[in-house]
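Got your viewer open and a selection box ready? Let's take a short walk through this one, stop by stop.

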Amino acid sequence: MRNGDAARLQELGLDLAELRSLRPLAQVSRILQTVLGDAGHPDEAALRKAATRYVKAVLVDPDPPAQQDGLRGLVTEWIYELSLVELGSQKAQGDPTAQEAISKQRLVRSWLERRLKNIDVPDTRRMTVREFSATAAEVTGEALRMLRARRS
């Protein structure tokens with residue numbers, strides 16, 4: 001959208017002229033609704049929150065992240081949001097305390113940012129939407145493997 005790539009937007013089922021007629025936050029909402037649909041499960045809601053931050057950074061921020069950094073950021077936010085779902089579940093069962101949950105949230109975010117900044121991401125400028133999705137899935141898989149390895 002930011003680069004005016006009508007062909008890539010068309011791959012997603014989006015129209016560049018229609019998006020340009022919308023305000024930036026409405027663009028974000030339209031893109032996410034088309035790509036993600038409705039969030040009917042906590043994991044889907046986590047993905048939607050992470051994707052919202054990512055798409056807003058790309059479309060609205062005066063200095064958007066480099067594409068590789070953006071993909072790393074998307075994965076970091078998604079896994080962080082998934083961890084919040086898990087922490088919420090634990091908190092509902094009385095473990096951890098509210099203070100412990102806040103501490104864990106900070107630790108998880110810090111750990112994710114440190115670990116994921118070194119994950120190799122190919123140049124995304126020439127990727128199709130399908131290739132970008134596959135790359136995002138690979139990076140997410142690698143990040144989840146690292147997170148699971150840390151737990152054990």
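What follows is a tour of one helix, a lysine beside it and a group of charged side chains, all in a predicted model.

**Stop one: α3.** Select residues 24–36. That's helix α3, with 13 residues, reaching 18 Å from its first C-alpha to its last, close to the 18 Å expected at 1.5 Å a residue. Now show side chains for Gln27, Val28, Ile31 and Leu32, which are buried. They sit on the same side of α3, because they cover an arc of only 125° around the axis. An α-helix has 3.6 residues a turn, so residues three or four places apart point the same way. What covers them? Bring up α2 (16–20) and α4 (42–59), which are among the elements covering these buried residues. Before leaving, click on Gly37, just after α3: it takes a positive phi of about 70°.

**Stop two: Lys56.** Move over to helix α4 and pick Lys56. Is Lys56 buried or partly exposed? Its relative accessible area is 36%, which makes it partly exposed. Draw a C-alpha to C-alpha distance to Gln27: the two are 9.0 Å apart in space, though 29 residues apart in sequence. Beyond its neighbours within four places in sequence, Lys56 is in contact with Leu25, Val28 and Asp61; Val28 is one of the buried residues from the α3 stop.

**Stop three: the salt bridges.** The structure holds seven of them. Start with Arg53 and Glu77, whose closest N and O atoms are 2.6 Å apart. This pair links distant parts of the chain, with Arg53 in helix α4 and Glu77 in helix α5 (residues 67–92), 24 residues apart. Arg53 is partly exposed at 40% relative accessibility, whereas Glu77 is buried at 14%.

Keep Arg53 selected and add Glu81. Here the closest N and O atoms are 2.8 Å apart in a second salt bridge to Arg53. Again distant parts of the chain are linked, Glu81 in helix α5 and Arg53 in helix α4, 28 residues apart. Glu81 is buried, with a relative accessible area of 5%.

**Stop four: α6.** Select Arg109 and Glu113. Both lie in helix α6 (residues 98–116), four residues apart, about one turn of the helix. They form a salt bridge, with the closest N and O atoms 3.7 Å apart. Arg109 is partly exposed at 22%, and so is Glu113 at 43%.

**Last view.** Show Arg53, Glu77, Glu81, Arg109 and Glu113 together: they are linked in a network of salt bridges.

Terms used. Residues are numbered from 1 along each chain as its sequence is written. This is a predicted model: local features need pLDDT of at least 70, side-chain atom pairs count only at pLDDT 80 or more; totals for chains, interfaces and linings use all residues. Side-chain values use heavy atoms; hydrogens and water are left out. Helices (H or I, at least four residues) and strands (E, at least two) are DSSP runs, numbered from the N terminus. The expected span of a helix is 1.5 Å times one less than its number of residues. Buried means under 20% relative accessible area, exposed over 50%, partly exposed in between (1.4 Å probe, protein chains only). The arc is that of the directions from the helix axis to the C-beta atoms. Contact means heavy atoms within 4.5 Å. A salt bridge is a side-chain nitrogen of Lys or Arg within 4 Å of a carboxyl oxygen of Asp or Glu.
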